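Here are a few short exercises to try with the model open in front of you. Have a go at each task before you read its solution.

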Amino acid sequence: MGGERLKIVLSLTPPLLIIITLFFGGIFYGFLQSLGYQPAIGKYELNFSAYYNVMFSERYAKLFWSGLALNLWVSFASTFLAAVFALFGALAIRKTFVGKTLCNFIYSLNLPMPHLVVAVGMIFVFSQSGLLARLAAQIGMISSPGDFPVLVRDKYGFGIILAYIWKEAAFFFIILMSVLQSLGENFEELAQSLGANRWQRFRYVILPLVMPNLFSASIIVFAFSFGAYEVPALLGVIYPQMLPVMAFEFFLNPDLNARSEGMALSIIIALIVMILVVFYFWLTQAKIRKD
Amino acid sequence: MSDLKIENLVKNFQGMDRPAVNNVNLDINSGQLVAFLGPSGCGKTTILKMITGLFQPDNGNITLDNESLLPIPTEKRGVVMVFQNYLLFPYMNVNENVGFALKMKGVNKSIIDERVKEMLDLVKLPDIGLRKPKQLSGGQQQRVALARALIASPRLLLLDEPLSNLDAHLRDEMRELILTIQQKLNVTTIFVTHDQEEAVLLADKIALIFDGELQNFTSPKNYYEKPKNIKAAKFFGGVNFINADIVDNKIQSEIGFCEYQGDNIRDLNKKLFLTIRPENIKISKNNEFDHNSYQGKITSVIFSGTHTRYKINVNNVHLECSLQSVGIDNMKEDDQIFVHLPKDKIWGMND
């Protein structure tokens, strides 16, 4: 028994060491920098002034809170809408029909696509100089491409939301398809024979059955979109700015004093995501205990 | 209480070289408990799903109380199906599962609660309303599934292999419960099974189905005593088949002349098969029988507790006879004996 345990510990040690060194080491050093520890410029004193500056100072508070609001809005909206599109897509495609494989392929196509490529694709398609704007002008729907609504680089983050929906719907779709395929249609058929109409079958049967998987996937997508940099950097505006972009700009600032604010912002983002993950684990554990 | 009529029902599936259901006709009277019996893949469940509306037939009609069910959507047919693997909603407790059909109808919650209690009492599970399906045994899950179906007051109740997932002890208990409830509520019920014993013990009538085709629809007793063909006889444990011809209105079989009392003599072809249940054959060392007595030799004796099974060679035809072990003459392998096939127990079939 002891030998078995030792074998497990030994085989787990190398990956654990890498995770602890790279992840927690990085977080710890970042946290130190957020507290003002920067030996390169002779700062050794630890305090929370970078956090205070970011959240409450006259210079950054407005930027921070508007950025946080935009972050939450973009992450919630894109996660929710991507989940909804994927759910309806999966429900439509799960039945056998001619062309199912092609539909499946098209729906899943975005999954291996890098976020950067998707963001550039959004600019090509949805910007005021993009494909849709030109097409709309060509067929006379609008007088010139400049009249096309601002969907990319807009202050409400529509472009970012669209990019995330485009990208993450494929992730939701793959998960939902596997859940729906494994469930089969027996539950729905049973509900139908018990008198449930189409809406009731969706509301009382499909949704509760897929919800645990949909919820897990949502947490992952939300956490990712909350902390991701490249899409908001390409498709966002200068104000309001999403927090990861703001943090990176602090980090790139030639004034090394700003690095503490950048790190404080990164720690805040990490903290929010971690709270979400802990909340998710608490919910799933509570559900397991309840069952 | 509803009369069900199935007429010329046909269903094809892509990739199958024969119809899954081929021209099935059935008349099921109100309040009857009917079994669809046949091997796996013979089309039993397909017929059930066409009755519920989950499959549309390619041809034919299904009427309930003289009204065609085909244009009516599943959820409005009043035909409730209990699936083989119970399918209790895992995220609902027992009360919520049982009350599902009434909730879908928008019934008031206090009435639902009352009816759920009634149904759980009916299936003898009064105190488990707050449990989740995971916390129930297979037998309990089956009862809850039954209660959930019955709460809808179905015009027709369909049970897909209701006992197949239960162990022997629970099967007996559940069988009793289904019979009691069916008789109490007098709901027309069809159940699907591949187990002939289950069909015989439960059903008023059995529809025997092979390869999508209805072989026979009659009482369980008739399947034993008056099978329609060799397939049906074999499915119900028939082992004795004798080639015969009708010559001058008399039956001449390969073991000799045979007196026959069956009421189907006029329906029989010139070439036919005779069959008799092993338990209806009598044997003796002396010829003490006044008709259908043939000389034979015992080729094997198999003792199985209460009964002993004898294999007998009569004129190169192998017959099996099953006798109660207690009180019989001591007959052993290679003994020459007389075999008696009582004329009221022997039955003729065309194929």
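**Exercise 1.** Work out whether B:C258 is buried or exposed, and why B:C258 has no disulfide partner.

*Solution.* Step one: B:C258 has a relative accessible area of 3%, so this cysteine is buried (buried means under 20% relative accessible area, exposed over 50%, and partly exposed in between, with a 1.4 Å probe and protein chains only). Step two: look for another sulfur. The closest cysteine sulfur belongs to B:C321, and at 16 Å that is too far for a bond (a disulfide is a pair of cysteine sulfur atoms within 2.5 Å). Step three: widen the search, and the whole structure turns out to have 0 disulfides over all chains.

A quick word on the ground rules: this is a predicted model, where local features need pLDDT of at least 70, side-chain atom pairs count only at pLDDT 80 or more, and totals for chains, interfaces and linings use all residues. Residues are numbered from 1 along each chain as its sequence is written, chains are lettered from A and ligands numbered from 1 in the order in which they are written, and side-chain values use heavy atoms, leaving out hydrogens and water.

**Exercise 2.** Describe the surroundings of A:E188.

*Solution.* Start with the address: A:E188 sits in helix α8 of chain A, residues 186-193 (helices are DSSP runs of H or I with at least four residues, strands are runs of E with at least two, and both are numbered from the N terminus). Next, its relative accessibility is 13%, so A:E188 counts as buried. Finally, skip the neighbours within four places in sequence, and A:E188 is in contact with A:R94, A:R201, A:V205 and A:I206 (contact means heavy atoms within 4.5 Å).

**Exercise 3.** Sketch how chain B meets chain A.

*Solution.* First, count: 23 residues of chain B are in contact with 18 of chain A. Second, get the area: the two chains bury about 2000 Å² between them, with 65% of it on carbon and sulfur atoms (buried area is the accessible area, 1.4 Å probe, that two parts lose on being put together, summed over both). On the chain B side, B:E75, B:Y91 and B:M104 lose the most area to chain A, together 30% of what that side buries. Third, check charges: there are 2 salt bridges between the chains (a side-chain nitrogen of Lys or Arg within 4 Å of a carboxyl oxygen of Asp or Glu). In one salt bridge, B:E75 pairs with A:R201 at 4.0 Å, N to O.
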